[in-house]
Amino acid sequence: FPPVCEWFGVRFVCQMSHGVAFPLAFLGPFLGPFIIFMGHFAYLLPFYFTLNALILGNRQEAEWIMRSALLKSMVISGVAEIFWSTLCWQLSHRSCGILTLAAAFLQSLQMFCAFFGPYDALGAFALQCATQLLMIPVAQIGAQHTLKQGISPARYKIIAWLLSVVLAIVLLLFPNLVCFWLVLPCVVLPYTMLGILLTARSFPTATKPQSASKTSSGASNGVSAVSATAAAGFGVLGLLSGTIGEALTDSATTLALRSELKAGNSELALANHVTVLSSMSLAFWTQSKSERSTQKQVLCMLLWAGCQVFRIAALPYLGKQDTGQSRFVALAAMVFLDKYTGPLGSASLDSALLAVLYHGRCNKGLPETVLWTMRTAVARMERPICQLIMLHASLDVETLSLIFTFMTSVGVLAVLQLYDGRTKVD
């Protein structure tokens, strides 16, 4: 498969990227962070921009089809990404660039069908699945960067949040400008930029794709292994608990805003996005000051847990149909606290999980890239799965969110205190 990727279209891509190779060369050291940023931006853009654009453009049926296809494909691609990391396949940067440009083409085709038709559930699902499956090898580069640095990638994800929210605010402020030619560049440009960067001729060449053969240590070549005990702890905290509590409340809020937007009321959604922009900007500054301090990470996790309890208590106010200010006040308070403490809590969770991997390294065990890929895949699937369930069934969101929030906060606090103590003793 890798040689095929190198052959088909590689000459054209190299010629196309040759003219932009020099200005993109300075991004070489930042390839990992840039891939993390672009991957999270591509994940957020449909929910903040594309789906809302279809609603505002009177394409509500297409919006429903795309939303359903997007949520289902995220689940499938998450499972496929875990399988890919288990096999430890690595493609060259140039191969990943070709796959990214192919994903850009599929996204442009999907936007055309969504705005002009024909657009059915099967075709939308096939296009979404193909796009996300093509991006799996690219995401592995970002995962390897995170494991190498040992630092949470939260700051790069926060920047992706900020850019997505800015586009959403512009969309709501100028709904009359919504059209295919406005949406297409916003959706396709991230894939195109990343594809050109990866295939630029002056960019350092990646190592040759490695086979899935194992070394005597039980891990893939160049990949650290983790003991069974550490892997079990990682699985309980990062996979079974994770941020599911936050995802449940987020999904309930998202569906409430979707109902308002479909009814022609954009004020609530606009207030949500403006609040997100301010709180995420503050979160970016706070996270950059606390990423290497265990005590500050403990404080961030406590703030996150307290915020989830407050959001659960305020959630019923979003369902009220009155025209007063209580809904706006409840939404503003929920969103500001969530989007401020959410990235901080996620960063604390990442730090705890990375500490488990680091202190659990051994000569024979499960490759840590597999575990981290499982975590990132599950994190992307949490909200789609919650939304899919809530679209078709009723859940006791408040109780479930409290249970998962308690599990995550207690687990993270225990891990941070345990390994911080070990570090001081060492």
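This is a conversation about a predicted model of one protein.

Biologist: What is the mean pLDDT of the protein?

Modeller: The mean pLDDT is 78, and 80% of the residues reach 70 or more. Over residues 1-26 the pLDDT is below 50, and this stretch has 35 contacts in the model beyond near neighbours in sequence.

Biologist: And how many contacts does the model have for residues 201-221?

Modeller: For residues 201-221 the model has 49 contacts beyond four places in sequence, while pLDDT stays under 50 there. Where pLDDT is low, the predicted coordinates should not be read in detail.

Biologist: Turning to the interior, which residues have the most contacts inside the largest nonpolar core?

Modeller: They are Phe47, Tyr119, Leu194 and Leu198, in a core of 67 residues. The elements that supply two or more residues to this core are α4, α5 (60-87), α6 (93-116), α8 (136-149), α9 (154-173), α10 (180-199), α13 (267-290) and α15 (326-359).

Biologist: Which of them gives the largest share?

Modeller: Helix α4 does, with 16 residues. Apart from this core lies another, of 24 residues, among them Ala143, Ala230, Met301 and Ala305.

Biologist: Back to Phe47: what is it in contact with, leaving aside neighbours within four places in sequence?

Modeller: Phe47 is then in contact with Asn52, Arg67, Leu70, Leu71, Met74 and Gln387.

Biologist: How many aromatic pairs are there?

Modeller: The count comes to 9 aromatic pairs. One of them is formed by Phe37 and Phe41, which are stacked at 6.1 Å centre to centre with 15° between the planes.

Biologist: How far apart in helix α4 are Phe37 and Phe41?

Modeller: Phe37 and Phe41 are 4 residues apart in helix α4 (residues 31-56), so about one helical turn separates them. Phe37 is buried, with a relative accessible area of 15%, and Phe41 is also buried, at 4%.

Biologist: What about Phe180 and Trp181, stacked or edge-to-face?

Modeller: Phe180 and Trp181 form an edge-to-face pair, with 4.9 Å centre to centre and 75° between the planes. Phe180 counts as buried at 7% relative accessibility, whereas Trp181 counts as exposed at 64%.

Biologist: Which residues do ring pairs link into a cluster?

Modeller: That cluster consists of Phe112, Phe115, Phe116, Phe180 and Trp181.

Biologist: Now a charged residue: is Glu246 buried or exposed?

Modeller: Glu246 is buried, with a relative accessible area of 6%. Its place is in helix α12 (residues 244-262).

Biologist: Which side chain does Glu246 join through a polar contact?

Modeller: The side chain of Glu246 is joined to that of Trp304 by a polar contact of 3.1 Å. Leaving aside neighbours within four places in sequence, the residues in contact with Glu246 are Trp304, Gln308, Arg311, Asp338, Gly342 and Arg383.

Biologist: Finally, what is the order of the strands in the open sheet?

Modeller: The sheet has 3 strands in the order β2-β1-β3, and the pairing is antiparallel. Strands β2 (361-362) and β3 (366-367) stand at the edges with a single partner strand each, so one side of each is left without a neighbour in the sheet.

Biologist: How many bridges join β1 to β2?

Modeller: There are 2 bridges between strand β1 (residues 225-226) and β2, and the two run antiparallel. Ala225 stands opposite Cys362 in β2.

Notes. Residues numbered from 1 in each chain as written. Heavy atoms only, no water. Pairing = 2+ DSSP bridges. Phe/Tyr/Trp six-rings, centres within 6.5 Å; stacked < 30°, edge-to-face > 60°. Buried < 20%, exposed > 50% of the residue type's maximum accessible area, 1.4 Å probe, protein only. Core = buried A, V, L, I, M, F, W, Y, C linked by side-chain atoms within 4.5 Å. Contact = heavy atoms within 4.5 Å. Polar contact = N/O pair within 3.5 Å; in protein donor to acceptor, adjacent residues only side chain to side chain. pLDDT = per-residue confidence, 0-100.
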